[in-house]
Amino acid sequence: MSTLTPPTYSYALHDTPGVVAANNFISFFNPANSGKVMLAFNGIVTSYATGVSSTDTSLTSRYITSATGGTLVDAATGVYPLRFDFPDSKLEVRTGNPTVGLTALGSIGNFLAPITSGVGGTVASSLGAPSAGGVPFVPGEGFVWRTEAGNVNQRWNLQFIWAEVDI
């Protein structure tokens, strides 16, 4: 394994439809027994509309204390290590509206929803870490990308890049 950088990973959802009700699109959770600190480096979000989209509720990043349900992404085949010699990620990635324990902390970041009276309305956003070392998430912490309301004509592309270091 490389000694120049901690193991770094990426996961992305592409062209994921919005829903009318509240929805947890994807959660990233550092399990209590991971033995790792997750360093959040970059979140990249783009959205577009395939038809009329007037729901102006942003996608938000929120701190979480738990994540269950939904679809657990297989770390060996679904999470992309940014080098061939990195071990499988210890982070739990869940899609498909996982159940999460939201904290009282506010939003980490907000991403605009596409608003359009027809086809179009593309929005692009990027949320980088406030420091070169990344934002740390210790075991038992994570975050979720969610909307409080949405529209079936909205499409979301969500990508997250993180590193994992030993405690």
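## Aromatic pairs, sheet and cores

In this predicted model, counting rings of Phe, Tyr and Trp whose centres lie within 6.5 Å gives 13 aromatic pairs. One of them is formed by F25 and W156, with 6.2 Å centre to centre and 55 degrees between the planes. Planes over 60 degrees apart would count as edge-to-face and planes under 30 degrees apart as stacked, so at 55 degrees the F25 and W156 pair is classed as tilted. The pair joins distant parts of the chain: F25 belongs to strand β2 (residues 23–30) and W156 to strand β12 (residues 154–166), and the two are 131 residues apart. F25 is buried, with a relative accessible area of 3%, and W156 is buried at 0%.

F28 and W145 make an aromatic pair of the edge-to-face kind, with 6.0 Å between the centres and 85 degrees between the planes. Because F28 is in strand β2 and W145 is in strand β11 (residues 141–147), this pair ties together parts that are 117 residues apart in sequence. F28 and W145 are both buried. They also belong to a cluster held together by ring pairs, made up of Y9, F28, Y63, F86, F111, F137, F143, W145, F160 and W162.

### The chain as a whole

The chain has 12 strands and 0 helices, so the pattern read along the sequence is β-β-β-β-β-β-β-β-β-β-β-β. Of its 167 residues, 46% count as buried. The chain exposes about 7800 Å², and carbon and sulfur atoms supply 57% of that area. Among contacts between residues at least 6 apart in sequence, 90% join residues at least 24 apart.

### The open sheet

Six strands form an open sheet, in the order β5-β7-β2-β11-β4-β8, with antiparallel pairing. Its edge strands are β5 and β8, each of which pairs on one side only. At the β5 end, strand β5 (residues 71–72) and β7 pair in the antiparallel sense over 2 bridges, and T71 stands opposite T95 in β7. Strand β7 (residues 92–95) is in turn joined to β2 by 4 bridges, again antiparallel. Within that pairing, the partner of S27 in β7 is R94, and the partner of F28 in β7 is V93.

### Nonpolar cores

The largest nonpolar core has 24 residues, of which F28, W145 and W162 touch the most other members. Two or more residues come from each of β1 (8–17), β2, β3 (36–49), β11 and β12. The biggest contribution is that of β12, with 4 residues. A separate core of 5 residues lies apart from the largest one and includes I64, A67, V100 and V144.

F28 thus appears in the edge-to-face pair with W145, in the bridge with V93 and among the residues that touch the most other members of the largest core. Which residues does F28 contact, leaving aside its neighbours within four places in sequence? They are Y11, I64, L91, E92, V93, G142, F143, W145, F160 and W162.

### Two residues outside the aromatic set

S53 and T99 have opposite surroundings: buried for S53, exposed for T99. S53 sits in the loop between β3 and β4 (59–68). Its side chain makes a polar contact of 3.3 Å with the side chain of Q154. Not counting residues up to four places away in sequence, S53 touches P114, I115, T116, N151 and Q154.

T99 is found in strand β8 (residues 99–111), which is an edge strand of the open sheet. Leaving aside neighbours within four places in sequence, T99 is in contact with S66, A67 and T68. A67 is also one of the residues of the 5-residue core. T99 and N24 are 75 residues apart in sequence, yet their C-alpha atoms are 7.6 Å apart in space.

The relative accessible areas of four residues discussed here are listed below.

| Residue | Relative accessible area | Class |
|---|---|---|
| F25 | 3% | buried |
| W156 | 0% | buried |
| S53 | 0% | buried |
| T99 | 52% | exposed |

Why is T99 classed as exposed? Exposed means over 50% relative accessible area, and T99 has 52%, so T99 falls in that class. Buried means under 20%, which is why F25, at 3%, counts as buried. For the same reason S53, at 0%, counts as buried.

How values were computed
Residues are numbered from 1 along each chain as its sequence is written. This is a predicted model: local features need pLDDT of at least 70, side-chain atom pairs count only at pLDDT 80 or more; totals for chains, interfaces and linings use all residues. Side-chain values use heavy atoms; hydrogens and water are left out. Buried means under 20% relative accessible area, exposed over 50%, partly exposed in between (1.4 Å probe, protein chains only). Two strands pair if DSSP finds at least two bridges between them. A nonpolar core is a set of buried Ala, Val, Leu, Ile, Met, Phe, Trp, Tyr and Cys residues joined through side-chain atoms within 4.5 Å. Contact means heavy atoms within 4.5 Å. A polar contact is a pair of N or O atoms within 3.5 Å; within protein, one must be able to donate a hydrogen and the other to accept it, and residues adjacent in sequence count only if both atoms are side-chain atoms. Accessible areas come from the Shrake-Rupley method with a 1.4 Å probe; for residues, only the protein chains shown count as cover.
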